[in-house]
Amino acid sequence: IVSFGADFLDTWGPTVEHQRGFAASHGFSRDGGMAKHVYFAPRASLTGLNADEWHGIAPGSETSLALAMAGVLLGERGLAAPAGAPSVSAEQAAAATGLKAEDIVRLAKEFAAAKPGLAVAGGIGSQHAGAVELCAAVHLLNHAAGNIGETVLFGSDLDRGDGQAAFAMLQQAMEAGQVKFLLVHE
């Protein structure tokens, strides 16, 4: 599990469910395996404090780090990044984040080797001007690591949790005239 500021144990999404999943994957299983958790963020949140590796990186540098890690993996596989995706080297990301380039390469390779693997971004720690770019970069990293269709599934359970189900309930309340005023910010 690689988190780019997503504090999934405290403030990101359904935290109790995330805590249960983290405990199950991070505890020793019957075969002796255990998930590794790496957290990149400027401060050590609850999720960062529970990580096997917490890297305090410069605020706003998460996107360049995710792009560099994806670039390492795409380069190893001889694949090109999708059209329009920026290219960031490990050295450039090192200058932006404060990490060492060799650590960025190591972490990218470890992430790709871990099966199943998952990179996440978003939440309170990622609410900044570059949040959309960060999420896109993390999706590219998941693609480069081969996680799409494995741990990253699109549209398979959108009716669960607070996501699509909550939106559908809001829509029904609006159609029934139960919502007098709705403010949408950003």
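In the predicted model, helices α3 and α5 cross in a right-handed sense, and their axes, which come within 9 Å of each other, cross at roughly 65°. Because angles of 65 to 115 degrees count as roughly perpendicular, α3 and α5 are described as roughly perpendicular to each other. On the side of α3, the contact is made by L65, A68, M69, V72, L73 and E76, while α5 contributes I104, V105, L107, A108, K109, F111 and A112. Sorted by class, the residues of this contact comprise 11 nonpolar and 2 charged residues, with no polar ones.

Helix α3, which spans residues 62–76, also packs against helix α4, residues 90–97, at an angle of about 160° and with the two axes 9 Å apart. Since an angle over 145 degrees counts as roughly antiparallel, α3 is roughly antiparallel to α4. The crossing of α3 and α4 is left-handed, whereas that of α3 and α5 is right-handed. From α3, the residues S64, L65 and A68 take part in the contact, and they meet A90, A93, A96 and T97 of α4. By class, the contact of α3 with α4 has 5 nonpolar and 2 polar residues, and no charged residues. L65 and A68 of α3 are thus listed both in the contact with α4 and in the contact with α5.

The packing of these helices can be set against the nonpolar interior of the protein. The largest nonpolar core holds 34 residues, and those with the most contacts inside it are F4, F40, L65, M69, L73, I104 and L141. Two or more residues are given to this core by each of the strands β1 (2–4), β2 (38–41) and β4 (119–121), and by each of the helices α3, α4, α5 (101–113) and α6 (131–144). Helix α3 gives the most to this core, with 9 residues. Apart from the largest core lies another one, of 5 residues, which includes A6, F8, F22 and V120. When neighbours within four places in sequence are left aside, L141 is in contact with F4, A66, M69, A70, L73, F111 and A119. Of these partners, F4, M69 and L73 are themselves listed among the residues with the most contacts inside the largest core.

A contrasting environment is found for V132, a residue of helix α6. V132 has a relative accessibility of 66% and therefore counts as exposed, the cut-off for that class being over 50%. The C-alpha atom of V132 is separated by 9.5 Å from that of T63, although the two residues are 69 residues apart along the chain.

For the protein as a whole, the secondary structure comes to 7 helices and 4 strands, which follow one another along the sequence in the pattern β-α-β-α-β-α-α-α-β-α-α. Buried residues make up 35% of the 186 residues. Among contacts with a separation of 6 or more, 60% are accounted for by residues that lie 24 or more positions apart. One further feature concerns the backbone: K115 and P116 are joined by a cis peptide bond, with omega at about -5°, and P116 has its place in the loop between α5 and β4.

Key. Residues are numbered from 1 along each chain as its sequence is written. This is a predicted model: local features need pLDDT of at least 70, side-chain atom pairs count only at pLDDT 80 or more; totals for chains, interfaces and linings use all residues. Side-chain values use heavy atoms; hydrogens and water are left out. Axes are lines fitted to C-alpha atoms, for helices over the stretch in contact, and angles run from 0 to 180 degrees between N-to-C directions. Angles under 35 degrees count as roughly parallel, over 145 as roughly antiparallel, 65 to 115 as roughly perpendicular and the rest as oblique. A crossing is left-handed if the near helix is turned anticlockwise from the far one by less than a right angle, and right-handed if clockwise. Contact means heavy atoms within 4.5 Å. Ala, Val, Leu, Ile, Met, Phe, Trp, Tyr, Cys and Pro count as nonpolar, Asp, Glu, Lys and Arg as charged, and the others, Gly among them, as polar. A nonpolar core is a set of buried Ala, Val, Leu, Ile, Met, Phe, Trp, Tyr and Cys residues joined through side-chain atoms within 4.5 Å. Buried means under 20% relative accessible area, exposed over 50%, partly exposed in between (1.4 Å probe, protein chains only).
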